[in-house]
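User: I would like to understand how labels such as "buried" or "salt bridge" are assigned. Please take me through some cases.

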Amino acid sequence: MTASRSLRVVPDADGAVAKLSLRGVSKSFRSATGDVVPAIEDVTLDVEAGEFVCLIGPSGSGKSSILHLLAGLETPDAGEVLLDGRVIAGPGPDRALLFQEPALFPWMSVRANVEFGLRMLRLPATEMRDRADAWLAKVELSEFADAQPHELSRGMRQRAALARALVCRPDVLLADEPFGSLDAQAREILQQELQSLWTELGNTLVFVTHNVREAVLLADRVVVLSARPGTPIEEHRITSPRPRRLEDALLSRVVVDIHEHLVKEVERAAREEVARTDLA
């Protein structure tokens, strides 16, 4: 990745410290064969408090790596990862991470799964139950509170995971393709529910997806990453009012623009891979 192709995605600010920041961050991993594989390179990115940002890019562009750095599950090889201007030293209750698979505890009821995070806050049992039940109501799972996860549909399990992530009222929600394995109808329903909950809570949300339509529908800002090693190369600010519909002509144009840029990036990466192979 050449410096001329990178983009420092730092919005115009009013002097306030960004909620989340990456400053010149690079991260590599070691493959099973022992090779060092760069995931992201020289990423500079700010996410403002209360902002909904979607990260999108080709496979292997480091989208999940950025989420794991923000969650404190990984540390950067270079640069700084900040929360409210302070270096992130590890996971914390101020951040929740939502995965593609719900990862509910199969031996617990739906309510007990939602209560799990509250146990670390040492809340009284009655308050834990009340808060869990309130969130189950928000995601329309009240009648399934005593069910086991295997008794729920895939979409319902993801709703339960969403309730578990938000019941502790984290300042930041980090979502790693949480709707990627759902059918089209369940995905559309959860997209609308997530928008509604985010509007109500006003927390900061960083959402990874491969789906351009989903990114444009949900986000205040879509950040496009390059092929590996990933770095921001383009951003789109989505100003359409909520709730949104993909039939909106403005959204459709943005979807086309981002898709065309991604196709060009994938083709560029393929040409570079061929060139490296020929040189070898």
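User: What makes Glu127 partly exposed?

Analyst: In this predicted model, Glu127 has a relative accessible area of 34%. Buried requires under 20% and exposed over 50%, so Glu127, at 34%, is partly exposed.

User: Why is the contact between Arg131 and Glu127 called a salt bridge?

Analyst: The closest N and O atoms of Arg131 and Glu127 are 3.8 Å apart. The cut-off is within 4 Å, so the pair counts as a salt bridge. Both residues belong to helix H3 (residues 125–138), and being four residues apart they are separated by about one helical turn.

User: How do you know whether Arg131 is buried or exposed?

Analyst: Its relative accessible area is 14%. Buried means under 20%, so Arg131 is buried.

User: What makes Lys27 and Glu74 a salt bridge, and which parts does the pair tie together?

Analyst: The N to O distance between their side chains is 3.8 Å, and the limit is within 4 Å. Lys27 lies in strand E1 (residues 20–30) and Glu74 in the loop between helix H1 (63–71) and strand E4 (78–83), so the salt bridge ties together parts 47 residues apart in sequence. Lys27 is buried at 8% relative accessibility, whereas Glu74 is partly exposed at 29%.

User: How many salt bridges are there in the whole structure?

Analyst: A search finds 19. Another of them joins Glu193 and Arg159, with 3.5 Å from N to O. Glu193 is in helix H5 (residues 184–201) and Arg159 in helix H4 (residues 154–166), 34 residues apart.

User: Why does Lys27 count as lying over the face of Phe29?

Analyst: Lys27 is 5.4 Å from the ring centre, and the distance limit is within 6 Å. The charged end of Lys138 likewise sits over the ring of Trp135, 5.4 Å from its centre.

User: How many aromatic pairs are there, and why is the pair of Phe52 and Phe207 called tilted?

Analyst: The count is five aromatic pairs. For Phe52 and Phe207, the centres are 6.1 Å apart and the planes meet at 45°. Pairing needs centres within 6.5 Å; stacked means under 30 degrees and edge-to-face over 60, so 45° falls under tilted. Phe52 is buried at 0% relative accessibility, and Phe207 is buried at 0% too.

User: What makes Phe179 and Phe207 a tilted pair?

Analyst: Their ring centres are 5.8 Å apart and their planes lie at 55°, so this pair is tilted. Phe52, Phe179, Trp198 and Phe207 form one aromatic cluster.

How values were computed
Residues numbered from 1 in each chain as written. Predicted model: local features only at pLDDT ≥ 70, side-chain atom pairs only at ≥ 80, totals over all residues. Heavy atoms only, no water. Helix = DSSP H or I, 4+ residues; strand = E, 2+ residues; numbered from the N terminus. Buried < 20%, exposed > 50% of the residue type's maximum accessible area, 1.4 Å probe, protein only. Phe/Tyr/Trp six-rings, centres within 6.5 Å; stacked < 30°, edge-to-face > 60°. Lys NZ or Arg CZ within 6 Å of the ring centre and 35° of its normal.
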